[in-house]
Amino acid sequence: MPPPKDVVKIAIQMVGAIPQLIELQQTKPLASVLKDVCDAWSLPNAERYALQYADGRQTYITESNRRDIKNGSILRLTTSPDQEAEQLYIGIQSKNVDVKTDSLKKLASLSQDVTFAQEFISRNGLKQIYCIVEEGNDTGEMLAHTLKAFTELMEHDFVSWENLSTVFIKKIVSYVNMNAVDASIQQLSLSILENMVPTSRLLFELVRKEVTLDRLLTHLQVTNAQLQLKAMALLIALLLSATDAERRDMMDYLREKNIRQFIHKNIIHSSEPLGDEMAHYLYVLQSVSLNLCEHRMKMSMDPYSQEQRDLLQSLRQTAFESESEVPAGTFSTERRRSLCAKEFRKLGFMNNSNPAEDLRRAPPGLLALDNMVYFSRNTPNAYSRFILENSSREDKHECPFARSSIQLTLILCEILHIGEPCSETAQAFYPMFFGQDHFFEELFCICIQLVNKTWKEMRATQEDFDKVMQVVREQITRTLSLKPTSLELFKTRVNALNYSEILKLRQTERLHQEETLAVPVLELREKLKPELLELIRQQRLLHLCEGTLFRKISSRRRQDKLWYCRLSPNHKVLHYGDVEEGLQSPPIESLPEKIPVADMKMLLVGKECPHTKEKSSGKQNKDVLELAFSIVHDVEEYCLNFIAPTRYEFCLWTDGLNVLLGKEMTSERTQTDLDVLLSMELKLRLLDLENITIPDEPPPIPKPPSNLNFCYDFSHAEQ
């Protein structure tokens, strides 16, 4: 008979004593449980003791978290958090350097626990840490432990970052700006400043003033990957907290310092593999940089702006330079106006008498004009060739440069997500972005020539304009998905993906999607589905057995600690626990926490998850919602919360958990995998029927022949 829900069987250890095996009644007050445990070992003053997990993070057991204790858990009897806090509070004030260092080291370890942190902070312990930092000149082990303890204590959000003194902040800044200081201290200092920046405008301004961009660039040039990561994190925090004008100034300065080329050479192409966190920061840097185009993208052309009109006229003058050099007195005003209108029509403006009207649509607004001007000034030969080549074609076959440029700019803005907020977890950056200044404009120059090439390949007319632009969008999207490392490589690949290749790819995909729709084939599909769905279920469970590395998302920082979760080989228990950075596949024995599959009640996803309800709702949390899921176990209040690293992992885990719960797999990945497997299986089964038309109805069964008299008569044999 299974034990009652309010009773868990656990072991309790103590140094120098034989462990106790007890049945912990969850309804019994914790103080009474501690007294019984202490009495069994003849220990007085039970109030001075506490229970904590023996493995993993060694969290203290309290009334609020005691329900997390599972059958088979191993606990340890130890000094209570208030006693530990008192001892360490005294220890960090000791005049003995060794005692002080050991106390700070232990403090850094225990401060991860919220119960201990609360006790230590309530004794004004943070004030002592401030004093050690502000008054001390040590830059060795003691300071490293102090900064680590401070970071862990601040993680619990009991104290506002705005309470920090200017002296303390400047001291932290000094460690970042020093040359002769241990790398671990600089990492911790950068991390503290990164957490500080988003909390208030005053702190942002102070950090921005004290830590120069030049200093951050210096840290980015070191070979220490962790120091690079922390410097990049602070740089991103500063960029995201800045106003639009400040962000533009900062990006302009970084561009002058060639940060892109440095990142391309020393981070993207370094010998060390790129971690998830650095990939995210590069994505954010790319997004912030591209979003500088948003202002021009949303600004319509002002026909009364002389500067904008001059830019527009420069397009005409560059294309028809010899014609535009005719002296002003040669033609009347009316004739000159007619000549200009004709030239603007050749440029591909739809409203050739007033081309500014074509640029009133926003987006792409003035960004389209900027791109056209950049193309005409930086690749004048290609620009002139585009215009003159189309001027010599028949009217209905000419590719309109201006109209194509406006639409292409809009397409590029949509593909590159210009004007959209940065995702909190995305890592999809383009390596070639960091290998090229004026990336957006240079990409436009390649793609506008692609438009002309595709137009000719399709033998398009004006009525085919939208079709051509759809093909161009597909060419760009497919090439970008290959993640080319340079614009030259992008140019080579996108030009190789000509219209005939696109048609072949479309046809192949259409055949894969549609398959043969004959009734017998559809019936065969239905018969194959159960077997293939079982194959997918087995694959999902195997993936859960291999396990996945997850990140905890905190309220202040994008990513916090790492933890790993995997299913036992017999599919009966989920094992999980915190792991260190760089550990890819920890053994199942090293994961201290577990949930029996039999105790799992339901799976929650997206907005239903408790950890997404706690977060502020906003555009930036949309991607977190799409990756969030929770397992409800025991009673409904207790959940194990996940944020999947990718949508792929989200699909595999939610499918696998649904299989364990005996429910249908509902992710979009299931349908995709099923379609692929069905397609392959059908092709194999129908190989012998190639080029044979399968009828919608089965052929009629013929009548039996008139001489059907070969049935053996057993009655004669018996006689």
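This is a short dialogue on reading cysteines, a helix pair and a sheet in a predicted model.

Me: How many disulfides does this structure have?

Reply: In general, a disulfide is a covalent bond between the sulfur atoms of two cysteines. Here the count comes to zero disulfides, and Cys 399, for instance, is in none, since the nearest cysteine sulfur, that of Cys 447, is 13 Å away.

Me: Why is Cys 639 not bonded to Cys 609?

Reply: A disulfide requires the two sulfur atoms to lie within 2.5 Å, and because the sulfur of Cys 639 is 8.0 Å from that of Cys 609, its closest cysteine sulfur, the separation is too far for a bond.

Me: Is Cys 399 buried or exposed?

Reply: Cys 399 counts as buried, because its relative accessibility is 2%, while Cys 639, at 25%, counts as partly exposed.

Me: How are helices H29 and H30 placed against each other?

Reply: Two packed helices are described by the angle between their axes and the distance between the axes. For H29 (residues 647–660) and H30 (residues 668–685), the axes come within 8 Å and cross at roughly 90°, which means that H29 is roughly perpendicular to H30. Among the residues making the contact are Tyr 648 and Leu 652 of H29 and Arg 669 of H30, and the contact residues divide into three nonpolar, one polar and four charged.

Me: What is the strand order in the open sheet of four strands?

Reply: The order is S5-S6-S7-S8, with antiparallel pairing, and the edge strands, S5 (548–551) and S8 (593–596), each pair on one side only. Strands S6 and S7 are joined by six bridges, with Leu 562 standing opposite Val 579 in S7.

Definitions and conventions:
Residues are numbered from 1 along each chain as its sequence is written. This is a predicted model: local features need pLDDT of at least 70, side-chain atom pairs count only at pLDDT 80 or more; totals for chains, interfaces and linings use all residues. Side-chain values use heavy atoms; hydrogens and water are left out. Buried means under 20% relative accessible area, exposed over 50%, partly exposed in between (1.4 Å probe, protein chains only). Axes are lines fitted to C-alpha atoms, for helices over the stretch in contact, and angles run from 0 to 180 degrees between N-to-C directions. Helices (H or I, at least four residues) and strands (E, at least two) are DSSP runs, numbered from the N terminus. Angles under 35 degrees count as roughly parallel, over 145 as roughly antiparallel, 65 to 115 as roughly perpendicular and the rest as oblique. Contact means heavy atoms within 4.5 Å. Ala, Val, Leu, Ile, Met, Phe, Trp, Tyr, Cys and Pro count as nonpolar, Asp, Glu, Lys and Arg as charged, and the others, Gly among them, as polar. Two strands pair if DSSP finds at least two bridges between them.
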